[in-house]
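Me: I've got a model open and I'd like to learn how to read it. Can you walk me through a few features?

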Amino acid sequence: MTVETASYISQLDPTYPAAGDPKSEGDNHLRLVKTVLKTQFPNFGTNAITATAAEVNYLVGVTSGVQTQLNTLDTGKASKSGAAYTGTHDFTAAALTVPTQATGDATTKAASTAFVSATAFNAALPGQTGNGGKFVTTDGTNASWSNIYGTPTPISTNTNAVNGGFYTLTASLTLTLPATPSSGDVVHVSNRSGATTCVIDRNGSNIMGLAENMTLNVAQQPFSLVYADATRGWVLF
C-alpha cells in the first residue's frame, strides 16, 4: 500500500503513487489530495482567489492580523516620539498642540500661538504708551515708532525737498520738488507761515498736468503731492 496518510500539503509524499502501484489505488490518492486541500484551506468557500503570487508573497513575514497592524499604525503614528514626517500634510481639521518654546528661540521648532504673541509681537515692539497712530520702523538693528508722514521739518528758507519729506513752512519761501521723481514719490507740505506767497517749484516736472509752479495762496493748508507720471506729474492730495 503506497497511499500515505496526510492532512496538509507538506505531508504529501511526491514520490507516490509509484510506477508499479496498482491502478485500484488511484481513487485513494485523489481522495487524499481533495482532503488535504480542504483541510489546508478550510475558509475559501465558493469564492475564487484572484490574488497573484506576488500579492500573496507580500504576506511573508506577517506575524499578526494585517488590519490590526494598520489600525495600530494609524492611531499611534502621531504620538510616536522622534517620528519624522516628510511631504505635505493637511491638518486643517486637527487640533495641534506644541510646546511653547522659550522667548527668543530661533530654531526650526514649531511655534505655538503663545510663543508668537510673546516673541513676534509684544516682546519685539517698542513701548506702546504715547505712540498711538504711529507705525514701526527699523534702522536695521532696533525698532522704533515713527509718524505716518515722518517727522515734520520746519523750514524758513528756500529748500530742496526729498521723497517722503514732511515740510512745515514757517516763512515765505520756495520749496523745490525732487528733480527726478519716480511714480509713487510723495512730498508733504503744511504752510504755517501765514503768508500767501510761498512757491512749490516744479523742478522740471508737471504739477497737476501743468508745466507751472504752484503758489500757495491759501495759508494754513496742509496737503501732499504724489508723483504719478510724466504727463500728470505731481498730483495734489
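Me: How many salt bridges does the structure hold?
Reply: Here's the general idea: side chains of opposite charge can pair when their charged atoms come close. The cut-off used here is a side-chain nitrogen of Lys or Arg within 4 Å of a carboxyl oxygen of Asp or Glu. By that rule the structure holds three salt bridges. Keep in mind that this is a predicted model, where local features need pLDDT of at least 70 and side-chain atom pairs count only at pLDDT 80 or more, while totals for chains, interfaces and linings use all residues. Residues are numbered from 1 along each chain as its sequence is written, and side-chain values use heavy atoms, with hydrogens and water left out.

Me: Which residue forms a salt bridge with Arg31?
Reply: That's Asp27, and the closest N and O atoms are 2.9 Å apart. Both residues sit in helix 1 (residues 26–40), and because they are four residues apart there, about one helical turn separates them. A helix here is a DSSP run of H or I of at least four residues, a strand is a run of E of at least two, and both are numbered from the N terminus.

Me: Are Arg31 and Asp27 buried or exposed?
Reply: Buried means under 20% relative accessible area, exposed over 50%, and partly exposed in between (1.4 Å probe, protein chains only). Arg31 comes out at 45%, so it counts as partly exposed. Asp27, at 36%, is partly exposed too.

Me: What about the salt bridges of Lys109 and Asp229?
Reply: Lys109 pairs with Asp105, with 3.6 Å between the closest N and O atoms. Lys109 is partly exposed at 48%, and Asp105 is partly exposed at 23%. Asp229 meets Arg232 at 2.8 Å, N to O. Asp229 has 27% relative accessibility, which means partly exposed, and Arg232 is partly exposed at 47%.

Me: Now the sheet: what is the order of its strands?
Reply: In general, strands of a sheet pair through backbone hydrogen bonds, either parallel or antiparallel. Two strands count as paired if DSSP finds at least two bridges between them. Here an open sheet of five strands runs 3-5-7-10-11, with mixed pairing. Strand 3 (153–155) and strand 11 (233–236) are the edge strands, each pairing on one side only.

Me: In which sense do strand 5 and strand 7 pair?
Reply: Strand 5 (residues 166–169) and strand 7 (residues 186–191) pair in the parallel sense, over four bridges. If you want a spot to click on, Phe166 has His188 in strand 7 as its bridge partner.
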